[in-house]
Amino acid sequence: ENSIGEAGAQAIAEHCRALTSLSIGGWKVVAPEPTTVIDHCKKLTVLTIGAREMKKDGTLMLAVLCKSLTSLSIGYGNNIGEGGACAIAKHCKALRSLTIGFVNNIGELGARAIAENCTALTSLSVESGNN
């Protein structure tokens, strides 16, 4: 794991407030580091989260903090569930591009919430692990 730690996240949050794009890999999104950066970077419009980085509670936190996102990519195996998909749909209405990797288990309810609430989408990829 290659975590930047709290001090590194704090430095990014304090000095890189003009960030418009952020890629998270190896941070484990339930930890405070991503929250610190995302909460201070209000201009963030593009967020990419790597595989197996996020838990269900992390999805709600990110959705609430990232209302200005126009592009969100959630890697495979994050298992955000229906609740996570509904949180994204409720709070991230400016999304134009959404990619959800397989093994995120958004279910019918999550897919419906995204379809009904993210009406600005021009690109949508919901991957399935089924062959």
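From the N terminus on, the elements of the protein chain follow the order α-β-α-β-α-β-α-β-α-β, and the exercises below work through this predicted model.

**Exercise 1. How many helices and strands does the secondary structure of the protein chain come to, and what share of the 131 residues is buried?**

Step 1: The secondary structure comes to five helices and five strands.

Step 2: Turning to burial, we find that buried residues make up 37% of the 131 residues in the protein chain.

Step 3: Among contacts between residues at least 6 apart in sequence, 76% join residues that are at least 24 apart.

**Exercise 2. Describe the largest nonpolar core and state which elements supply its residues.**

Step 1: The largest nonpolar core has 28 residues, and those with the most contacts inside it are Ile 38, Leu 47, Leu 72 and Ile 114.

Step 2: At least two residues of this core come from each of β1 (21–24), α2 (32–40), β2, α3, β3, α4 (81–91), β4 (97–100) and α5 (107–117), while α4 gives the most, with four residues.

Step 3: Take Leu 47 as an example; once its neighbours within four places in sequence are left aside, Leu 47 is in contact with several residues, including Leu 22, Ile 24, Ile 38, Leu 62 and Leu 72.

Step 4: As background, nonpolar side chains in soluble globular proteins tend to be buried together.

**Exercise 3. Is Ile 74 buried or exposed, and how far in space is Ile 74 from Ile 49?**

Step 1: Ile 74 has its place in strand β3.

Step 2: Buried means under 20% relative accessible area, and Ile 74, at 2% relative accessibility, therefore counts as buried.

Step 3: Although Ile 74 and Ile 49 are 25 residues apart in sequence, the two are 4.9 Å apart in space, C-alpha to C-alpha.

**Exercise 4. Locate the largest cavity by its lining, and say which classes of residue form that lining.**

Step 1: A search of the whole structure finds one cavity of 30 Å³ or more, and the largest cavity has a volume of about 50 Å³.

Step 2: The largest cavity is lined by 12 residues, of which Thr 59, Leu 62, Ala 63, Leu 72 and Ile 88 are the closest to its centre.

Step 3: β2 (46–49), α3 (56–65) and β3 (71–74) each supply at least two residues of this lining, and the largest share, three residues, comes from α3.

Step 4: Sorted by class, the lining has 11 nonpolar residues, one polar residue and no charged residues.

**Exercise 5. Decide how many disulfides are counted, and compare the burial of Cys 86 with that of Cys 92.**

Step 1: A disulfide needs a pair of cysteine sulfur atoms within 2.5 Å, and by this rule the count comes to zero.

Step 2: Cys 92 is in no disulfide, since the nearest cysteine sulfur, that of Cys 66, is 6.4 Å away.

Step 3: Cys 92 counts as buried at 1% relative accessibility, whereas Cys 86 is partly exposed, with a relative accessible area of 23%.

**Exercise 6. Where does Asn 105 lie, and what is its phi?**

Step 1: Asn 105 lies in the loop between β4 and α5.

Step 2: Leaving aside its neighbours within four places in sequence, Asn 105 is in contact with Asn 79, Gly 81 and Glu 82.

Step 3: Asn 105 and Gly 84, which are 21 residues apart in sequence, are 9.4 Å apart in space, C-alpha to C-alpha.

Step 4: Most residues other than glycine have a negative phi. Asn 105, although not a glycine, has a positive phi of about 50°.

Conventions
Residues are numbered from 1 along each chain as its sequence is written. This is a predicted model: local features need pLDDT of at least 70, side-chain atom pairs count only at pLDDT 80 or more; totals for chains, interfaces and linings use all residues. Side-chain values use heavy atoms; hydrogens and water are left out. On a 1 Å grid over the protein atoms alone, a cavity is a set of points where a 1.4 Å probe fits but cannot get out, and a pocket is an open set with protein on both sides within 12 Å along at least five of seven lines; lining residues have an atom within 4 Å of a point. Grid points are joined across faces, edges and corners, and a volume is the space filled by probe spheres set on the points. Ala, Val, Leu, Ile, Met, Phe, Trp, Tyr, Cys and Pro count as nonpolar, Asp, Glu, Lys and Arg as charged, and the others, Gly among them, as polar. Buried means under 20% relative accessible area, exposed over 50%, partly exposed in between (1.4 Å probe, protein chains only). A nonpolar core is a set of buried Ala, Val, Leu, Ile, Met, Phe, Trp, Tyr and Cys residues joined through side-chain atoms within 4.5 Å. Contact means heavy atoms within 4.5 Å.
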